[in-house]
Amino acid sequence: AVIGPIAFTIAWIVAGVLQGAYSPRRDYISELAALDARHAWIMIAGFLLLSVGTIALAIGLSSTLEGRLARIGSILVALAGISVIVAGLARNDCRSRLAACAARIDAGDVSWHSATHELVSLVIFLALVAAPLVLARAFGGDVLWHGLRAYSLATGVLGLVLLVMFLIGVAPSWTGVVQRVFVTVLLLWIVIVGARLIRLSRVRPREPAV
């Protein structure tokens, strides 16, 4: 859960540097895995590592927390993790900022895998915005997790605001930045919750007194 988001972030940074005519300010992260991307394998690997980390987080939460809200939150995280696999393998046809690609999209000439990527990406975003909001309630009822309640709630609210900004295109020339800030907010939450799981796993109950 800690390594996955870090690997994903490193992947889009490295792939973006190696990709010619690419602007992190304007272009989407997933376009680094498009069919016409130079080093698509780097971004695809990032997607797959993120999926493993997210699914690991879901498993850890489901085995640690109790209650209906905890189960729902864990399911949302697992849904996001599984969807990340699909998003990584269902690649975009091309980079939408390129004129030829934009013309294809405007003409509706989009492959099934590119359309699938867009749909699944929305599922990921919604699941990872909802999960912190749901789990914030579950954390509040557990003394070991109570400290992450306010942070999780803030993550969900900020994530929702950024998602709306991203979807409506509030700053078209800064779309890439908005997406990266949005994604980073959610991935940071995964890292911090994963780190809490690691810390809790190292706590050993005391031996009963004889």
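**Figure 1. Leu128, a buried spot in helix α5.** At 7% relative accessibility, Leu128 falls in the buried class, because the cut-off for that label is under 20%. This is a predicted model, so read the close-ups with that in mind. Leu128 sits in helix α5, which covers residues 112-140. Skip the neighbours within four places in sequence, and the contacts of Leu128 are Ala80, Leu186 and Ile190. Another residue to look for in this view is Ala78: along the chain, Leu128 and Ala78 are 50 residues apart, and their C-alpha atoms are separated by 9.7 Å.

**Figure 2. Arg137, an exposed residue of α5.** Stay on helix α5, which also holds Arg137. Buried or exposed, then, is Arg137? Arg137 is exposed: its relative accessible area is 56%, and the exposed label starts at over 50%. For a distance to check on screen, take Ser152, which is 15 residues from Arg137 in sequence. From C-alpha to C-alpha, Arg137 and Ser152 are 9.1 Å apart in space.

**Figure 3. Helix α3 and its packing partners.** Helix α3 takes in residues 68-89, 22 residues in total. What span should those 22 residues have at 1.5 Å a residue? The expected figure is 32 Å, and the end C-alpha atoms are indeed 32 Å apart, so the two agree. Plenty of α3 is tucked away: among its buried residues are Ala70, Gly73, Ser74, Leu76 and Val77. Further along, Ala80, Gly81, Ser83, Val84, Ala87 and Gly88 are buried too. Which helices do the buried residues of α3 pack against? They pack against α2 (40-64), α5 (112-140) and α7 (175-201). A handy reminder for reading the list: an α-helix has 3.6 residues a turn, so residues three or four places apart point the same way. Ala80, buried in α3, is also one of the contacts of Leu128.

**Figure 4. Gln19, buried in a loop.** Now move to the loop between α1 (3-18) and α2, where Gln19 is found. With 6% relative accessibility, Gln19 counts as buried. What does Gln19 touch, once residues up to four places away in sequence are set aside? The answer is Leu32, Ala37, Arg38, His39 and Arg95. For a long-range ruler, pick Leu148: Gln19 and Leu148 are 129 residues apart in sequence and 38 Å apart in space, C-alpha to C-alpha.

**Figure 5. Ala33, in the loop between α1 and α2.** Ala33 lies in the loop that joins α1 and α2. Its relative accessible area is 2%, and Ala33 is therefore buried. Leaving out residues up to four places away in sequence, Ala33 touches Ala40, Met43, Ile44, Phe47 and Arg91. Val164 gives another ruler: 131 residues separate Ala33 and Val164 along the chain, and their C-alpha atoms are 24 Å apart.

**Figure 6. Zooming back out to the chain.** The chain has seven helices and zero strands, so from the N terminus on the elements read α-α-α-α-α-α-α. Along the principal axes, the C-alpha atoms fill a box of roughly 75 × 30 × 25 Å. The radius of gyration is 19 Å, which agrees with the value near 17 Å for a compact globule of 210 residues. Buried residues make up 46% of the chain. Of the contacts with a separation of 6 or more, 72% are between residues 24 or more positions apart. On the outside, the accessible surface comes to about 10,800 Å², and carbon and sulfur atoms account for 69% of that. As for charge, the chain has 17 positive and 10 negative charges, and the mean positions of the two groups are 10 Å apart.

Definitions and conventions. Residues are numbered from 1 along each chain as its sequence is written. This is a predicted model: local features need pLDDT of at least 70, side-chain atom pairs count only at pLDDT 80 or more; totals for chains, interfaces and linings use all residues. Side-chain values use heavy atoms; hydrogens and water are left out. Helices (H or I, at least four residues) and strands (E, at least two) are DSSP runs, numbered from the N terminus. The expected span of a helix is 1.5 Å times one less than its number of residues. Buried means under 20% relative accessible area, exposed over 50%, partly exposed in between (1.4 Å probe, protein chains only). Contact means heavy atoms within 4.5 Å. The radius of gyration is taken over C-alpha atoms; the globule rule is 2.2 Å times the number of residues to the power 0.38. Accessible areas come from the Shrake-Rupley method with a 1.4 Å probe; for residues, only the protein chains shown count as cover. Lys and Arg count as positive and Asp and Glu as negative; His and the chain ends are not counted. The place of a charge is taken as NZ of Lys, CZ of Arg, CG of Asp or CD of Glu.
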